[in-house]
Amino acid sequence: MRLEWIEDILAVLKTGSLVQAAEERHRTQSAFSRRIAALEAYLGTELFDRSAKPLRPLPAVLAQEAEMRELSTRLRLLQQALGPGAEASRRRVTIAGSHSLATTQAPRLVEDIHARFGVSVVVQSADRDQAILSLLSGDADFALFFQSAEGNEVLSRLDVDIAPIGEDLLQPVAGTGLWQSMQRNTGAAPHLSYPVITYPDEVFFGRLINQRLLPQLMEELPLDLVASTPLSHAVLQLVLQGTGIGWLPHSLIAGQLSQGLLQQMPAPFPSIPLQLVLVRMAKNQRQETSEIWDYLMTQLSHTSESPFQFIRKAH
């Protein structure tokens with residue numbers, strides 16, 4: 001698999017549209033569609049359900065999303081290390097960010113840091129716990145992730161600096177078709193189970209939902225746990241195609257909510273307030289990363305809103 005093919009697939013996964021993916025990859029729509037068709041011919045299988053609106057990745061593609069993102073990052077780094085700009089590429093900082101933040105929140109942070117300091121910024125897509133481990137091991141200079149509004153017991157025991165930079169809301173949502181069906185069946189068939197998509201216990205959202213929400217919710221409603229995946233984007237696709245109800249960050253689904261593709265589930269389905277934090281090790285910082293941190297903190301102190309305009313407070 002060539003790197004450009006992997007990045008073509010990831011662009012479609014990110015945008016949910018061949019048209020928007022073509023724009024992101026700086027190709028005409030016809031040329032990009034031919035590239036995807038050629039890739040499918042090479043692989044001997046279709047990758048996307050083109051009859052669905054928005055475009056729907058097939059299950060095999062969703063199952064390999066995390067692997068493709070990791071491979072794309074590794075190949076990019078390899079290109080930089082072996083290419084003529086290898087020396088310049090050593091001036092870089094690494095941000096480890098949870099999967100949903102790597103595509104929704106990190107890009108503007110990358111833009112701000114590069115514009116101000118001229119360094120290359122590497123974004124590692126990882127679960128919150130993996131991001132913390134990357135920080136502790138020195139593989140990342142900063143970590144960007146969600147924590148519950150009450151704080152983080154793990155971070156409180158570590159020698160780290162923590163900067164809250166935004167708020168979000170983990171919302172229970174369903175595709176509009178499933179939501180309408182459930183509304184019709186509420187009175188006619190009150191004992192029908194509610195299909196639910198969740199996350200495994202090994203990831204942060206999984207522990208929040210499985211340990212905090214589901215036990216209490218199952219006392220009030222019959223639930224059918226139909227699927228589990230560690231990736232927020234995979235949960236989003238499953239919800240959009242009507243597989244079940246899922247909890248997703250507002251920042252990830254604001255567009256789909258405003259377009260009417262998703263509907264928020266009413267009580268007793270609860271939402272969870274989230275805090276977005278930027279974290280670094282408190283000691284042994286490189287001068288460059290210390291200057292970046294000081295700049296970001298100065299920006300933060302000068303405004304009551306987020307210094308990074310990409311953060312939107314959930315309502």
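Biologist: How many helices and how many strands does the protein have?

Modeller: The model, which is a predicted one, has 15 helices and 11 strands. Buried residues make up 48% of the 315 residues in the protein, and of the contacts with a separation of 6 or more, 74% are between residues 24 or more positions apart.

Biologist: Why is glycine 206 called buried?

Modeller: A residue counts as buried when its relative accessible area is under 20%, and glycine 206 has a value of 0%, so glycine 206 is called buried. Glycine 206 lies in helix α12, and beyond the residues up to four places away in sequence, glycine 206 touches Tyr199, Pro200, Asp201 and Gln211.

Biologist: What makes these four residues count as touching glycine 206?

Modeller: The cut-off for a contact is heavy atoms within 4.5 Å, and Tyr199, Pro200, Asp201 and Gln211 are in contact with glycine 206 by that rule. A distance from C-alpha to C-alpha is another kind of value, and for glycine 206 and serine 228, which are 22 residues apart in sequence, that distance is 8.9 Å.

Biologist: How do you know that strands β7 and β8 are paired?

Modeller: Two strands pair if there are at least two bridges between them, and 5 bridges join β7 (residues 194–198) to β8 (residues 223–228), so the two strands are paired, and they run parallel. As an example of the bridging, proline 195 has aspartate 224 in β8 as its bridge partner. Between these strands the chain passes through α12, and the β-α-β crossover made in this way is right-handed.

Biologist: What makes β6 and β9 a pair, and which way do they run?

Modeller: The rule again asks for at least two bridges, and β6 (residues 160–175) and β9 are joined by 4, so they pair, in this case running antiparallel. Within this pair, valine 173 has glycine 246 in β9 as its bridge partner.

Biologist: How do you know that both faces of strand β9 are covered?

Modeller: Gly246 and Leu248 lie on one side of β9 (residues 246–249), Trp247 and Pro249 lie on the other, and all of them are buried. Trp247 also belongs to the largest nonpolar core, which has 53 residues, and together with Ile113, Leu144 and Phe269 touches the most other members. Helix α12 (residues 204–220) provides the largest share of this core, 7 residues. A second, separate core has 19 residues, among them Ile6, Ile36, Leu47 and Leu62.

Biologist: Which residues does phenylalanine 269 contact, leaving aside its neighbours within four places in sequence?

Modeller: Phenylalanine 269 is in contact with Pro172, Tyr194, Leu217, Leu221, Leu223, Ile245 and Trp247.

Biologist: Why is serine 232 called buried?

Modeller: The relative accessible area of serine 232 is 4%, and the limit is under 20%, so serine 232 counts as buried. Serine 232 is found in helix α13 (residues 232–240), and α13 is mostly covered, with 8 of its 9 residues buried. Serine 232 touches Ser100, Tyr199, Phe205, Leu248 and Leu252, not counting residues up to four places away in sequence.

Biologist: Which residues line the largest cavity?

Modeller: The lining includes Ser98, His99, Ser100, Tyr199, Phe205 and Ser232, and the volume of this cavity is about 120 Å³. Helices α7 (99–104) and α12 each supply at least two residues of the lining.

Biologist: What makes the largest pocket another kind of space from a cavity?

Modeller: A pocket is an open set of points, whereas a cavity is a set from which the probe cannot get out. About 1,600 Å³ of space lies in the largest pocket, and of the 48 residues that line this pocket, Leu10, Arg69, Ser72, Thr73 and Val123 lie nearest its centre. Helix α5 (residues 65–82) gives the most to the lining, with 9 residues.

Biologist: Why does histidine 26 count as exposed?

Modeller: Exposed means over 50% relative accessible area, and histidine 26 is at 70%, so histidine 26 counts as exposed. Histidine 26 lies in the loop between α2 (18–24) and α3 (29–43), and its phi is positive, near 60°. Most residues other than glycine have a negative phi.

Key. Residues are numbered from 1 along each chain as its sequence is written. This is a predicted model: local features need pLDDT of at least 70, side-chain atom pairs count only at pLDDT 80 or more; totals for chains, interfaces and linings use all residues. Side-chain values use heavy atoms; hydrogens and water are left out. A nonpolar core is a set of buried Ala, Val, Leu, Ile, Met, Phe, Trp, Tyr and Cys residues joined through side-chain atoms within 4.5 Å. Buried means under 20% relative accessible area, exposed over 50%, partly exposed in between (1.4 Å probe, protein chains only). A crossover is right-handed if, with the strands pointing away from the viewer, the path from the first strand over the helix to the second runs clockwise. On a 1 Å grid over the protein atoms alone, a cavity is a set of points where a 1.4 Å probe fits but cannot get out, and a pocket is an open set with protein on both sides within 12 Å along at least five of seven lines; lining residues have an atom within 4 Å of a point. Grid points are joined across faces, edges and corners, and a volume is the space filled by probe spheres set on the points.
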